[in-house]
Amino acid sequence: MKNVLTLIGICLVMTACSRPSEDTSAASSGPRQAIRSEDSGELMAYEHQVNVVVEENRVVPLHKEAEAACLKAVAEKCMVLHSEINTEHMLSPTATTLRLRSTAAGVKAVRDSLVLKGKIVSQVTKAENLSKPIQDTAQKLAMLTDYRSKLEALRHTTGAPIDALIKINKELAQVQSDLETAAAEKAGLMQKVETELLELNITSSEQRSAWYPTKLALRSFGKNLADGFGLAISALAYLIPFGLVLGTLGWISRQLWCRLKTFRTRR
């Protein structure tokens, strides 16, 4: 029995020493080649920004058209990350922003369609090399998996004491949590490589006239008038109880003052 306990203690020390830290070193050539692309190129993440100018009445329709096209592009893994439409600025032109993530083919299709429907005034492409972060994450996953296998083997050791099993199970739970975190991190990095980010900014080609605020005010006059009546009625409903309370307190104060004045006169 003493020999078994000694063997378990030695294994625990060895596995604890072999557990990977947060800052892992570079992986061996095997894992690196396994996550390389077929052409052995770098794993790049691309971000594109395209600024388009169209007539004011085409800004919102073009924005919604691009958004709908992305939602339908299931094969291109297109996802709408952010959609914003600004049309209520007084003198600024109508402007929209659409941020989406899709495969390279999907992003190219959107950009090509914009050439036919609007004027592209500027476009910027940024690239980030994610080869090393992905390789480091893959190495971390491999080390954590190996460490978990060793802990599983120790847990099934015959005659292991209860205290040792408790420590092993606790360590297994932590390793499993680290594995899930590393797997999610790798999945996020691979998504950036397999898809591209596109930010589409659409603005109108003309500034609004100086009379636009007046037109906007006249257009919303009826609604603002109704809102004003509603606020006035609500304020009146709040003021009536306060008026009754203040009137009652004033009447009581006046009665007390009159009695006090009469009492002083009699004296």
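The following is a conversation about the sheet, the nonpolar cores and selected residues of a predicted model.

Reader: Before the details, what kind of model is this, and which pLDDT limits apply?

Author: This is a predicted model, in which local features need pLDDT of at least 70, side-chain atom pairs count only at pLDDT 80 or more, and totals for chains, interfaces and linings use all residues. Residues are numbered from 1 along each chain as its sequence is written, and side-chain values use heavy atoms, with hydrogens and water left out.

Reader: What is the strand order in the open sheet?

Author: The open sheet has 5 strands in the order β2-β3-β5-β1-β4, with mixed pairing. Strands, like helices, are DSSP runs numbered from the N terminus (E, at least two residues, for strands; H or I, at least four, for helices). Two strands pair if DSSP finds at least two bridges between them.

Reader: Which strands stand at the edges?

Author: Those are β2 (79–86) and β4 (119–129); each has a single partner strand, so one side of each lacks a neighbour in the sheet.

Reader: In which sense does β1 pair with β5, and in which with β4?

Author: With β5, β1 pairs in the parallel sense over 8 bridges. With β4, the pairing of β1 is antiparallel, over 10 bridges.

Reader: Which residues are the bridge partners of His48 and Gln49?

Author: His48 has Leu198 in β5 as its bridge partner, while Gln49 is partnered by Val124 in β4. Asn51, in turn, stands opposite Asn201 in β5.

Reader: Turning to the interior, how many residues does the largest nonpolar core have?

Author: The largest nonpolar core has 17 residues, and Val52, Leu114, Leu200 and Ile202 have the most contacts inside it. Such a core is a set of buried Ala, Val, Leu, Ile, Met, Phe, Trp, Tyr and Cys residues joined through side-chain atoms within 4.5 Å. Buried means under 20% relative accessible area, exposed over 50%, and partly exposed in between (1.4 Å probe, protein chains only).

Reader: Which elements each supply at least two residues of this core?

Author: They are β1 (44–54), α3 (56–72), β3 (95–102), α4 (104–117) and β5 (196–204). Helix α3 gives the most to this core, with 4 residues.

Reader: And what is Ile202 in contact with?

Author: Beyond its neighbours within four places in sequence, Ile202 contacts Val52, Val54, Val59, Leu62, His63, Thr94, Ala95 and Thr96. Contact here means heavy atoms within 4.5 Å. There is also a second, separate core of 10 residues, including Leu141, Tyr147, Leu172 and Ala182.

Reader: Where is Lys140 found, and is it buried or exposed?

Author: Lys140 lies in helix α5 (residues 131–155) and is buried, at 16% relative accessible area. Its C-alpha atom is 7.3 Å from that of Ala182, which is 42 residues apart from Lys140 along the chain.

Reader: New topic: which cysteines form a disulfide?

Author: Cys70 and Cys78 do, with their sulfur atoms 1.9 Å apart. The criterion is a pair of cysteine sulfur atoms within 2.5 Å, and the count by this rule is 1 disulfide. The torsion about the S-S bond is about -105°, so the disulfide of Cys70 and Cys78 is left-handed. Cys70 is buried at 1% relative accessible area, and Cys78 counts as buried at 15%.

Reader: What does Ser102 touch?

Author: Not counting residues up to four places away in sequence, Ser102 touches Glu76, Lys77, Cys78, Val107, Thr195 and Glu196. Ser102 is in strand β3 and is buried, with a relative accessible area of 1%.
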